[in-house]
Amino acid sequence: MTEALDKAGRKGVVLSKQHLYSGPIFNLLKETIKTPDGLEVERDLIDHGNAVTILAITADDQVVLGSEYRVGRNSETIGLPAGLLNAGEDPLTAAKRELQEETGYLAHDSQIMTTISSSEGFTNEAVSLILTHIDPSERGERHFDHDEYVNTQLVPLTKVVALLKAGKIRSAQGICAVTWYLNFIRKD
């Protein structure tokens with residue numbers, strides 16, 4: 001079993017690439033690829049910009065949650081602050097910017113917990129899960145994109161966990177951020 005895992009990370013060779021769609025958030029490509037094992041395959045790829053999801057927490061274990069309309073669910077959903085990286089922007093800078101834009105809160109002592117893939121079978125998007133600390137008394141102006149509005153509030157971490165268990169938070173990135181924090185970072 002270990003021998004098979006040792007092969008992880010080998011690259012394929014893209015033999016051809018056809019642009020099928022270009023949009024503001026992603027592009028759709030059809031690629032012909034020679035895989036590391038020598039197969040020639042055709043795959044559709046959603047070429048998507050990288051993103052951040054932010055677990056912003058206070059000293060007394062309050063977490064910033066928001067509700068926002070999401071087209072994939074055609075409804076308002078509950079989640080952690082998140083957003084795309086701007087061109088040339090690193091994940092920590094993007095997290096600080098996105099947190100203030102969406103919530104008004106100012107990020108302190110931010111760190112990347114890990115970086116995840118949302119679905120490696122058809123998209124190249126990587127999402128950095130960021131842990132940051134906030135002081136609820138420090139708040140700046142919110143600056144929403146022209147097509148977004150986020151309702152935010154502070155929620156006790158115990159209630160966030162209850163929302164996860166109840167299936168009320170369904171974003172894979174949000175679930176991963178909270179569980180990564182609880183399993184690998186939090187010390188109590």
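Here is a chat between a visitor and a guide about a predicted model of a protein chain.

Visitor: How many helices and strands does the protein chain have?

Guide: Let's start with the order of the pieces. Along the sequence, the chain runs α-β-β-β-β-β-β-β-α-β-β-β-α-α. Put as totals, that secondary structure comes to four helices and 10 strands.

Visitor: What share of the residues counts as buried?

Guide: Picture the whole chain first: its C-alpha atoms fill a box of roughly 55 × 45 × 35 Å along the principal axes. A residue needs under 20% relative accessible area to count as buried. Of the 188 residues, the share that gets there is 36%.

Visitor: Is Glu98 buried or exposed?

Guide: Glu98 sits in helix H2, which covers residues 91–103. Leaving out residues up to four places away in sequence, Glu98 touches Val52, Ile54, Ala82, Gly83 and Leu84. Its relative accessibility is 6%, and the cut-off for buried is under 20%. So Glu98 counts as buried.

Visitor: Let's move on to H3. Why do its buried residues line one face of the helix?

Guide: The buried ones are Leu157, Val160, Leu163 and Leu164. In general, an α-helix has 3.6 residues a turn, so residues three or four places apart point the same way. On the other side of H3, Thr158 and Lys165 are exposed. Looking down the axis of H3, you'd find the buried residues on one face because they fall within an arc of 110°.

Visitor: Which elements do those buried residues of H3 pack against?

Guide: Three of the partners are strands and one is a helix. By name, the buried residues of H3 pack against strand E4 (51–57), strand E5 (62–70), strand E10 (151–156) and H4.

Visitor: Is H3 roughly parallel, roughly perpendicular or oblique to H4?

Guide: H3 spans residues 157–165 and H4 spans residues 172–185, with their axes 11 Å apart and an angle of about 125° between them. Roughly perpendicular stops at 115 degrees and roughly antiparallel takes over 145. An angle of about 125° therefore makes H3, relative to H4, oblique.

Visitor: Which class of residue makes up the contact of H3 with H4?

Guide: From H3 come Leu157, Val160, Val161 and Leu164, and they meet Ile175, Val178, Tyr181 and Leu182 in H4. There are no polar and no charged residues in this contact, and eight that are nonpolar.

Visitor: What phi does Gly167 take?

Guide: You'll find Gly167 just after H3. Its phi is positive, at about 75°.

How values were computed
Residues numbered from 1 in each chain as written. Predicted model: local features only at pLDDT ≥ 70, side-chain atom pairs only at ≥ 80, totals over all residues. Heavy atoms only, no water. Axes fitted to C-alpha atoms, helices over the stretch in contact; angles between N-to-C directions. Helix = DSSP H or I, 4+ residues; strand = E, 2+ residues; numbered from the N terminus. Parallel < 35°, antiparallel > 145°, perpendicular 65-115°, else oblique. Contact = heavy atoms within 4.5 Å. Nonpolar A, V, L, I, M, F, W, Y, C, P; charged D, E, K, R; others polar. Buried < 20%, exposed > 50% of the residue type's maximum accessible area, 1.4 Å probe, protein only. Arc of directions from axis to C-beta.
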